[in-house]
Amino acid sequence: MYIGGEVVSKYIIHGGNKLEGEVQVSGAKNSVLPILAATVISGETSRISNIPRLRDVEVMTEILTSIGAKISKDSHGLVIDSKPINSIHLPEELVREMRSSIILMGALLARFGETIVTYPGGCEIGPRPIDLHLKSLRQMGAIIEESHGFLHCKTSGLKGCDIQLDYPSVGATENIMLAAATAKGTTIIRNAAREPEIIDLQNYLNKSGARIQGAGNSIMTIEGVSSLKASDHRIIPDRIVTGTYMVAAAMTNGEIIIKDIIAENLQSIIAKLRETGSMITIDGNSMKVKAQNNISPIEMLQTLPFPGFPTDMQAQFMSLLSVAEGTSIINETVFENRFKHAEELVRMGAKIKTFGKVAVIKGTKELTGATVFAKDLRGGAALVLGGLVANGTTKVENIYHIQRGYENFDRILRSLGASISCV
Ligand code: UD1
């Protein structure tokens, strides 16, 4: 089917197969996007490896190319020469396609002292304001005018300062890090986001000559340096993709080995999956997930900023809990309106009721195949997981949402024994 000139594909899944075998996890989408943005600052060449092949990454490279960067592939990943960048105007259509392009604000302000960005459009998981980004950049000396849907940001020089974030926003923390890396003086971020992807960004920036300390903690210090230099960096493995395959094994009564993991980044997911009965063993950077026959419910699953349970794993766990032996409660505290997958799971026979940010899931013995619609990235992945255990055939429509975050999703699931095809 074609919509607006684009091919729209779907997954067709015949449920009931156990997943068994080995899977290698790709690089983290949420790490590679800010790091690609960060390559703008130096005006030098960065070599970034372990880059996942995803639509969001493509959009980011298209944006960078459109403003003048020269990007090529080598055997390990991408080589980004940001020296030729000669535009501060980010292309509207691409910025609308991917909200995380807002991260380029901090990077372009640092490099050129000016940028024009479209206000990022509506989003599928509820309102996602950028007030904390703007407030922090203004505090650092940016003048930001908002008019006709555009943000025009200008500065005669960014200055380090003491920023108290009202909420540990991942994107705002990253934007401040980028703006502060070459600002005059020292910036302190209090109540900073502590996600592993923040640590990865710190590592890339420090390899490029930045002086940043404290990533992974609530207080970060960024001592501004005069310029950044060329560097090489390998992106950390994707903890959400890992978590999704963990749930796939648990739901299908399977047993899989996942390679290239960082166990420390997965502790909240491991703990909750163990609560449902799965056996998880870690051996260095590899993990075995072995399901038990029965899935136990979870009394309370609450999403929180890292190191709490990630909101990006909430939908997949809702799928899992919909076939548990008992009733579970999910409290989504990070985003409003992030339960769109619930009504689709209900079409498959799940017994889920939502009340604002709370969902009550009464486990049922069996899901049934149906035609369902992916409405966002992780919610879409949750529907695929439901399809893997549903009786009969499940069609998941609008899978472009899923392909934004999962490289070769159907191929990898097939290699583990699932019956899934993309048409
Ligand atoms: C990042 C991740 C996303 C993940 C989210 C939370 C990327 C590319 N995306 O998104 O996958 O789900 O972290 O772990 O890394 N907020 C404000 N004002 C702001 C900024 C955020 O109110 O200026 C609110 C948001 O509406 C939301 C909460 O803060 O309720 C968390 O958002 P944030 O941590 O900023 O998420 P993102 O960086 O957008």
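**Entry 1: the β9/β10 pair**

I started with β9 and strand β10 (residues 150-154), which pair in the antiparallel sense over five bridges. This is a predicted model, so I kept an eye on confidence as I went. For the register I looked up Ile143, and its bridge partner in β10 is Lys154.

**Entry 2: the sheet around that pair**

Next I wanted the rest of the sheet. It is open, has three strands in the order β8-β10-β9, and the pairing is antiparallel. I noted β8 (114-118) and β9 (143-147) at the edges; each has a single partner strand, so one side of each is left without a neighbour in the sheet. Ignoring direction, neighbouring strands here are turned by 15° against each other on average.

Which helix packs on this sheet and touches β8 and β10? I found helix α4 (residues 104-112), with a direction that makes about 155° with that of β8. Helix α5 (residues 131-139) lies across β9 and β10, and I noted that α5 runs at about 140° to β9.

**Entry 3: from α4 to α6**

I followed α4 to another helix, α6. Their axes come within 7 Å and cross at roughly 10°. α4 and α6 are therefore roughly parallel to each other, the cut-off for that being under 35 degrees. By class, I have five nonpolar, two polar and no charged residues in the contact of α4 with α6. On the α4 side I listed Met105, Gly106, Ala107 and Ala110, which meet Asn175, Leu178 and Ala179 in α6.

**Entry 4: the four-stranded sheet**

Then I turned to the other sheet on my list. Four strands form an open sheet in the order β11-β12-β14-β13, and here the pairing is mixed. Which strands are at the edges? They are β11 (162-164) and β13 (211-213), each pairing on one side only. I put down an average twist of 15° from one strand to the next.

Helix α6 (residues 170-181) turned up again, packed on this sheet and touching β11, β12 (186-190), β13 and β14. The direction of α6 makes about 25° with that of β14. So α6 is in my notes twice, for its packing on the four-stranded sheet and for its crossing with α4.

I also checked how β13 is held to β14 (residues 219-223): three bridges join the two strands, which run antiparallel. One partner I looked up is that of Arg211, which is Glu223 in β14.

**Entry 5: α1 against α7**

What angle do helix α1 (residues 29-42) and helix α7 (residues 196-207) make? They pack at about 30°, with their axes 9 Å apart. α1 and α7 are therefore roughly parallel to each other. I noted the crossing of α1 and α7 as right-handed.

For the residues involved, I have Asn30, Ser31, Pro34, Ile35, Ala38 and Thr39 in α1. They meet Glu197, Asp200, Leu201, Tyr204 and Leu205 in α7. Sorted by class, the contact of α1 with α7 has six nonpolar, three polar and two charged residues.

**Entry 6: confidence check**

Last, I went back to pLDDT. The protein averages 95, and 96% of the residues score at least 70. Where does pLDDT stay under 50? I found that stretch at residues 1-6, for which the model has six contacts beyond four places in sequence.

Conventions
Residues are numbered from 1 along each chain as its sequence is written. This is a predicted model: local features need pLDDT of at least 70, side-chain atom pairs count only at pLDDT 80 or more; totals for chains, interfaces and linings use all residues. Side-chain values use heavy atoms; hydrogens and water are left out. Two strands pair if DSSP finds at least two bridges between them. Axes are lines fitted to C-alpha atoms, for helices over the stretch in contact, and angles run from 0 to 180 degrees between N-to-C directions. Contact means heavy atoms within 4.5 Å. pLDDT is the predictor's confidence in each residue, from 0 to 100. Angles under 35 degrees count as roughly parallel, over 145 as roughly antiparallel, 65 to 115 as roughly perpendicular and the rest as oblique. A crossing is left-handed if the near helix is turned anticlockwise from the far one by less than a right angle, and right-handed if clockwise. Ala, Val, Leu, Ile, Met, Phe, Trp, Tyr, Cys and Pro count as nonpolar, Asp, Glu, Lys and Arg as charged, and the others, Gly among them, as polar.
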